[in-house]
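Me: I'd like to learn how to read a structure like this one. Could you walk me through some features, one at a time?

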Amino acid sequence: MAVTETFFLSHGSPLMSIDESILARNFFQSWRRDTYKDRPKAILMISGHWDTREPAVNVVDLNDTIYDFYGFPDAMYKLKYTPPGAPELAKRVKQVLMASGFKRVDEDKKRGLDHGAWVPLMFMYPEADIPVCQLSIQSDKDGTYHYNMGRALAPLREEGVLIIGSGSTTHNLRAIQPNGTPPPPWALRFDSWLKDALLQGRYEDVNHFDVKAPQAKMAHPWPDHFYPLHVAMGAAGENAKAKLVHHSWSNGTLSYASYQFTEAK
């Protein structure tokens with residue numbers, strides 16, 4: 001069954017894995033009931049936590065759980081999420097990217113899933129029975145590069161692949177506040193600008209967010225957690241329709257705004 005939607009999910013803090021007070025956790029837990037009811041053949045996850053010089057895919061039979069965070073409660077390091085790998089999908093990703101002009105795509109035959117992938121997926125698909133492949137981002141490139149990466153991946157939707165970008169709408173870890181702190185003006189301004197730009201279809205502005213958006217450098221001192229949005233946006237195809245599917249905040253500055261992109265009819 002062809003997949004007509006792609007998604008950008010703000011995964012926020014890895015504490016969501018154990019902290020029931022984080023509102024976005026309820027969104028991920030109700031994923032199959034309220035947001036995406038179909039069962040995809042496989043999932044292609046583009047996470048802001050896998051950043052490489054050239055595009056890379058993980059070509060594994062079984063995904064390990066990567067604990068790429070430090071200083072958190074011990075219980076988080078005991079969690080396991082080990083869905084099947086998707087080596088055939090990984091090969092297809094490499095094929096379509098290179099056919100679209102990406103000169104090199106590396107194959108990583110050891111890497112599992114980082115927390116940008118497994119933390120949301122453990123709530124979305126707790127049975128861990130859907131094959132998952134990860135694709136890296138390149139933080140030294142720009143938004144247009146990642147949008148074009150998404151455009152190249154669009155044919156995979158016809159093959160039943162659900163394409164998900166996992167990052168954060170705002171991601172300035174140096175500005176994090178205690179939970180319950182109201183969002184500061186800079187975070188609200190960027191978050192609101194992004195919502196308006198996406199819902200109005202101003203994707204070219206989003207591609208150039210670094211010069212178009214207010215407080216862009218404050219919201220994203222480094223762009224790694226924002227580029228998964230550009231991939232998801234591009235993978236839905238030209239003139240795709242954006243929809244806000246969740247919105248909440250934690251730690252004052254972390255927006256969990258998440259978006260669905262539906263291909264144009």
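Me: Let's start with Ser17: is it buried or exposed?

Reply: A residue counts as buried when its relative accessible area is under 20%. In this predicted model, Ser17 has 6% relative accessibility, so it counts as buried. You will find Ser17 in the loop between strand 1 (5-10) and helix 1 (24-29).

Me: Which residues does Ser17 touch, leaving out those up to four places away in sequence?

Reply: Ser17 touches Arg25, Met76, Leu79, Val119, Met122 and Phe123. Its side chain also has a polar partner: a polar atom there lies 2.8 Å from the backbone oxygen of Pro14.

Me: How should I read Ala2, then: where does it lie?

Reply: Ala2 lies in the segment before strand 1. Partly exposed is the class between buried and exposed, from 20% to 50%. Ala2 belongs there because its relative accessible area is 36%.

Me: Which residues is Ala2 in contact with, beyond its neighbours within four places in sequence?

Reply: Those are Arg157 and Glu158. Here it helps to look at sequence and space together: Ala2 and Glu159 are 157 residues apart in sequence, yet their C-alpha atoms are 5.9 Å apart in space.

Me: What share of the protein's contacts join residues 24 or more positions apart?

Reply: Among contacts with a separation of 6 or more, the share is 79%.

Me: Now a helix, please. How many residues of helix 5 are buried?

Reply: First the general idea: an α-helix has 3.6 residues a turn, so residues three or four places apart point the same way. Helix 5 (residues 143-153) has eight of its eleven residues buried, so it is largely enclosed by the rest of the structure. The buried ones are Gly143, Tyr145, His146, Tyr147, Met149, Gly150, Ala152 and Leu153.

Me: What covers the buried residues of helix 5?

Reply: The cover includes strand 2 (42-51), strand 5 (132-137) and strand 6 (161-167), along with helix 3 (87-99), helix 7 (203-207) and helix 10 (227-235).

Me: And which residue caps the N-terminal end of helix 5?

Reply: Asp142 does, with a side-chain oxygen 3.4 Å from the backbone nitrogen of Thr144.

Me: Finally, the overall view: what is the radius of gyration of the protein?

Reply: The protein has 17 Å, which agrees with the value near 18 Å for a compact globule of 265 residues. Its secondary structure comes to ten helices and ten strands, and 58% of the 265 residues are buried.

Technical notes:
Residues are numbered from 1 along each chain as its sequence is written. This is a predicted model: local features need pLDDT of at least 70, side-chain atom pairs count only at pLDDT 80 or more; totals for chains, interfaces and linings use all residues. Side-chain values use heavy atoms; hydrogens and water are left out. Helices (H or I, at least four residues) and strands (E, at least two) are DSSP runs, numbered from the N terminus. The radius of gyration is taken over C-alpha atoms; the globule rule is 2.2 Å times the number of residues to the power 0.38. Buried means under 20% relative accessible area, exposed over 50%, partly exposed in between (1.4 Å probe, protein chains only). Contact means heavy atoms within 4.5 Å. A polar contact is a pair of N or O atoms within 3.5 Å; within protein, one must be able to donate a hydrogen and the other to accept it, and residues adjacent in sequence count only if both atoms are side-chain atoms.
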